[in-house]
Structure formats: structure tokens, C-alpha cells
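Q: Please take a close look at one part of this structure. Start from a single residue pair, then work outward to whatever surrounds it.

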Amino acid sequence: MRKTLMTTTAIALVNGAAMWLAATAGAQGGGTIEADVKYNGAPVVEKLKVNKDTEKCGTEVTIDKVVVGGNKGLANAVVSVPGAKGATKTKAVLDQHGCKFVPHVVVMQPGEIEIKNSDDILHNLHTYSTANPAINKAQPKFKKTMTEKLEKPEFVKVTCDVHSWMLGWVAVVPGPAGVTDKDGVTKIENVPAGKQKVEVWHETLGKMEKEVDVKAGGVTKVSFEMKGK
Ligand SMILES: [Cu+2]
């Protein structure tokens, strides 16, 4: 009995040490980049009256081209660390909902993306690519999901041939990345420590880059101010 208790305690100690080591290794392996993207110009959100599939699309739609939130934060900008390895592969999903692409900008690692149709009407996915093969495919209402491949890094414009106003973007980026929220902020985790090039991309405002020094287990802040063209 006594021996069993000692053995159990020893195993518990070893397990505890292993867990601690794993946690420490994770923290030492990478840091977090908190990016803050601002734009000192006017928002560009187009409104359009429509008369097609109005029960799903409504009669007025908005096209989000430059979305500026409080404190000049620029939404829908992709911040990435293209040279860094070890980005976590999460499944990218782009939905067609209310005759809009949701989210407006989706970021993914090269690989597969799931295209959803939540509208119960016909959509036709049409991508504009140079590095990846273009996709031009009907997605009838009964086809709730389809899986497509985008294997080369590229910012891919996505439209729908049924609803001319539908516009979205798929950012295929090789390293850890994120998309800014309505306040122009995104957090990128698990970035390898050391000097890293951080790149920001916006669909109409273009690209900028900065070098940052990522600290293991810490948060490195970086700010960008996009210039209008
Ligand atoms: Cu559509």
C-alpha cells in the first residue's frame, strides 16, 4: 500500500514536471504580436438598391471597401508574418449569408477552404487569381458547403456572378496572421522570437511593412498608419 502510494506520487511528480516543461517550452518558443492599424481618411462604404432575391438579400446592400471605426482604426486589414514558421492550421471558412461574403476578409494558410451557402438561394463563386487556379463554380441552394483549394500565397478577390455586388477577399498567407477588427486591432500568437517582418495588406489601401523584435512569452506591439492612394 505504502509502495503504491509512493509510486503514484512519483508518477504525479513526473507528469507535473513534464507539463511544466511543455508549458515553458511553448512560452519560450514564441510571442504575441498585437497590431494596431489606423487610417486617417474617410470610410468608403457603398450602398446599392437591389431587386434580385430580395427575400434573402434585402432591397439595399452595402459594399464595405474601407471600414474605419472609432479612433481611426482600420477594419479588414490582414496583418501577417510571412517569413515565420509554425502557424497553426485552422480551417478557413467563407460563408455566403444575406448575399454578402462573411467575413469580408478571411485569412488562411495555403490549403483548403470551406465555402458555405447559408442563403438557400443560388450563388456562383468566382475568384480572381494569378498564383492559384481561378474558381468559377455555381453553388446551388442545396449545396450547403463545398471545399476548395488555394495552395499558393496570394490575396484572392472573390465575387458572385449571380449577385454583382458581392465582394470578399481570401488572404492566403504562409505565416501566422490575423485580420483587424472594427477597432483596427488584431493579435497574432505563436510568432517565433527574434526579428520578424510584419506585413499589412488592405484591399484598396495597399501594403506596408515593419520589422519588429518578438519577445518569447511577451506581447510586442506594432502600429501602422495606412496612407490613402
Ligand atoms: Cu450570390
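A: V107 has A171, in β13, as its bridge partner. This is a predicted model, so local features need pLDDT of at least 70 and side-chain atom pairs pLDDT 80 or more, while totals for chains, interfaces and linings use all residues. Residues are numbered from 1 along each chain as its sequence is written, and side-chain values use heavy atoms, without hydrogens or water.

Now the strands around that pair. A strand is a DSSP run of E with at least two residues, numbered from the N terminus. Two strands pair if DSSP finds at least two bridges between them. β7 and β13 run parallel, joined by four bridges. β12 also pairs with β13, but here the strands are antiparallel, with six bridges. One facing pair is V158 and G168. Six residues separate β12 from β13, and the two strands form a hairpin. Strands of a sheet pair through backbone hydrogen bonds, either parallel or antiparallel.

How many residues of strand β13 are buried? Six of the six, residues 167–172, so the strand is largely enclosed by the rest of the structure. Buried means under 20% relative accessible area; over 50% is exposed, and partly exposed lies in between (1.4 Å probe, protein chains only). In a regular strand the side chains alternate between the two faces of the sheet. In β13, L167, W169 and A171 are buried on one side. G168, V170 and V172 are buried on the other. Both faces are covered.

One of these residues, V170, also lines an empty space. Rolling a probe the size of a water molecule over the atoms shows where empty space is left. A cavity is a set of points, on a 1 Å grid over the protein atoms alone, where a 1.4 Å probe fits but cannot get out; lining residues have an atom within 4 Å of a point. Points are joined across faces, edges and corners, and a volume is the space filled by probe spheres set on them. The structure has one cavity of 30 Å³ or more. The largest cavity holds about 50 Å³. Its lining includes V170, V156, V158, I113, I115 and E148. β8, β9 (123–128), β11 and β12 (154–160) each give two or more residues to that lining. By class, the lining has nine nonpolar residues, one polar and one charged. Here Ala, Val, Leu, Ile, Met, Phe, Trp, Tyr, Cys and Pro count as nonpolar, Asp, Glu, Lys and Arg as charged, and the others, Gly among them, as polar.

Two of those strands belong to a sheet. The open sheet has four strands, ordered β6-β5-β8-β11, with mixed pairing. β6 (101–102) and β11 (145–150) are its edge strands, each pairing on one side only. β8 (residues 111–117) and β11 run antiparallel, with six bridges between them. I115 has M146 as its partner in β11.

Return to β7, which leads to a pocket. A pocket is an open set of grid points with protein on both sides within 12 Å along at least five of seven lines. The largest pocket has a volume of about 290 Å³. It has 16 lining residues, and T88, T90, Q109, P176 and A177 are the closest to its centre. β7 (105–108) and β15 (185–192) are the elements that give two or more residues to this lining. β15 gives the most, with four. Just before β7 comes a loop from β6, and P103 sits in it. The peptide bond from V102 to P103 is cis, with omega near -5 degrees.

Last comes the copper ion. Donors are N, O and S atoms within 2.8 Å of the metal (3.2 Å for Na, K and Ca); water is not among the atoms, so sites may look incomplete. The protein donors here are H123 (ND1), C160 (SG), H163 (ND1) and M166 (SD), 2.0 to 2.7 Å from the ion. Along the chain they follow the spacing H-x36-C-x2-H-x2-M. Four donors count as tetrahedral if all angles lie between 85 and 135 degrees. This site is tetrahedral, with angles of 97 to 132 degrees. C160 is buried at 4% relative accessible area, and H163 is buried at 0%.

Note on methods:
Four donors count as tetrahedral if all angles lie between 85 and 135 degrees; four count as square planar and six as octahedral if opposite donors are over 155 degrees apart and all others between 65 and 115; anything else is irregular.
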